[in-house]
Amino acid sequence: MFLRALFIIVSLWSFSQAEMFQTVPEANATLIQSGKDKYACPNCGMHLVKFYKTSHTHENHQYCSIHCLYEATQGVIPTDAKVVDTITLELIDVKKAFYVVGSKMRGTMTRTSSYAFGSEKEALTFVSDNGGKVMNFEAAYAVAAEDFPKDFGKQATAPTVIPVIKIEVPKDAKCPICGMFVAKYPQWVAMFEGEKTFYFDGVKDMMKYAFARKLSSDKFYVSNYYTLAKLEASKAFYVIGANVYGPMGSELIPFETQEEAQNFARDHNGQKVITFDEITEAMVKSL
Ligand SMILES: [Zn+2]
Ligand SMILES: [Zn+2]
């Protein structure tokens, strides 16, 4: 039983980390926290080895990203912070780092990515390969601050007049795919109700879970993006390619009716509205 659980964890781990630029072999990661919290961002719960290249330290904590550092420091620029050098993978003083912000490499907890380099030359090489702008820590922190309200559309929840039945997420529930605390992002909550219930921070991770285990659709639930109402995943309509991003980036955004989905797609540059059965594994991997 234990071995089986371990196998599942290991396969999920390798399955989901395959294409992430942020991930490094654990042996190459410097982790400053100890005990059971060693691997988790204290702000969002995400796994620090998986998101290592964007990791920042401050006081005795290690955060997954400048985004979580910003959230934890509440806009007071920390002077003791360190960041991972994308090339050497060592922790360096943020005051000496050259940040590349807004490259095509994916961000952690934000759509505007931020990667740090100990040498300006390396930063410029990265820019010529991947785009983005070189700036210092204070400027990168300011970008994180500016992006903060936009990320995840936290503030965008529509007021609901009729009480809706929502997916209730236990406070400590973590997404089995990415390790994030799910309750923090109610708009994106998805769920699998099997012998054991699992919660996800978005439809994308829910589908990764479903495809990896070949699970049938009838035990999956998603949240209507507008109302947060709990929907049967198999009956919802999903917008892909929109300019609204979940905690893990591009998402499949669920709605109860096709009309709602089409309206949202029109307002947010959505590429397409699809049904549950039209979601493919390749599509999920490409998001
Ligand atoms: Zn975090
Ligand atoms: Zn997740």
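Ser114 is found in strand β6, which spans residues 114-117. Strands here are DSSP runs of E with at least two residues, helices are DSSP runs of H or I with at least four, and both are numbered from the N terminus. Ser114 counts as buried because its relative accessibility is 11%. Buried means under 20% relative accessible area, exposed means over 50%, and partly exposed lies in between (1.4 Å probe, protein chains only). Leaving aside neighbours within four places in sequence, Ser114 is in contact with Thr54, Ile66, Tyr99, Val100, Val101 and Ala140. Contact means heavy atoms within 4.5 Å.

The model is predicted: local features need pLDDT of at least 70, side-chain atom pairs count only at pLDDT 80 or more, and totals for chains, interfaces and linings use all residues. Residues are numbered from 1 along each chain as its sequence is written, chains are lettered from A and ligands numbered from 1 in the order in which they are written, and side-chain values use heavy atoms, with hydrogens and water left out.

The protein has 7 helices and 14 strands. Of its 287 residues, 48% are buried. The accessible surface comes to about 14200 Å², and carbon and sulfur atoms account for 54% of that surface. Accessible areas come from the Shrake-Rupley method with a 1.4 Å probe; for residues, only the protein chains shown count as cover. Contacts between residues at least 6 apart in sequence were also examined: 62% of them join residues at least 24 apart.

Ile66, one of the contacts of Ser114, is also one of the buried residues of helix α2. Helix α2 covers residues 66-73, and 7 of its 8 residues are buried. These are Ile66, His67, Cys68, Leu69, Tyr70, Glu71 and Thr73. They pack against strands β1 (56-58), β2 (61-63), β5 (98-101) and β6, and against helix α4 (137-147). Just after α2 comes Gln74, with a positive phi of about 55°.

Cys68 of α2 also serves the metal site. The protein donors of the zinc ion (ligand 1) are the SG atoms of Cys41, Cys44, Cys64 and Cys68. They lie 2.2 to 2.4 Å from the ion. Donors are N, O and S atoms within 2.8 Å of the metal (3.2 Å for Na, K and Ca); water is not among the atoms, so sites may look incomplete. Along the chain, the donors follow the spacing C-x2-C-x19-C-x3-C. The site is tetrahedral, with angles of 106 to 121° among its 4 donor atoms. Four donors count as tetrahedral if all angles lie between 85 and 135 degrees. Two of the donor residues were checked for burial. Cys41 counts as buried because its relative accessibility is 1%. Cys44 is buried too, at 0%.

A second covered helix is α5, residues 203-213. It is largely enclosed by the rest of the structure, because 8 of its 11 residues are buried. The buried residues are Val203, Lys204, Asp205, Met206, Met207, Lys208, Tyr209 and Ala210. Lys214 follows α5 and has a positive phi, near 50°.

Charged side chains were then paired. A salt bridge is a side-chain nitrogen of Lys or Arg within 4 Å of a carboxyl oxygen of Asp or Glu. The count comes to 5 salt bridges. One of them joins Asp37 and Lys36, at 3.5 Å from N to O. Asp37 is partly exposed, with a relative accessible area of 40%, whereas Lys36 is exposed at 78%. Another joins Lys95 and Asp93, at 3.6 Å from N to O. Lys95 counts as exposed at 57% relative accessibility, and Asp93 is partly exposed at 25%. Glu232 and Lys235 also form a salt bridge, with their closest N and O atoms 3.4 Å apart. Glu232 counts as partly exposed at 39%, while Lys235 is exposed at 56%.

The last site is a loop residue. Asn269 lies between helix α6 (258-267) and strand β14 (272-275). Asn269 is exposed because its relative accessible area is 57%. Residues up to four places away in sequence aside, Asn269 touches Gly241, Ala242 and Asn243. Asn269 and Gly241 are 28 residues apart in sequence, yet their C-alpha atoms are 7.2 Å apart in space.

Definitions and conventions: Four donors count as tetrahedral if all angles lie between 85 and 135 degrees; four count as square planar and six as octahedral if opposite donors are over 155 degrees apart and all others between 65 and 115; anything else is irregular.
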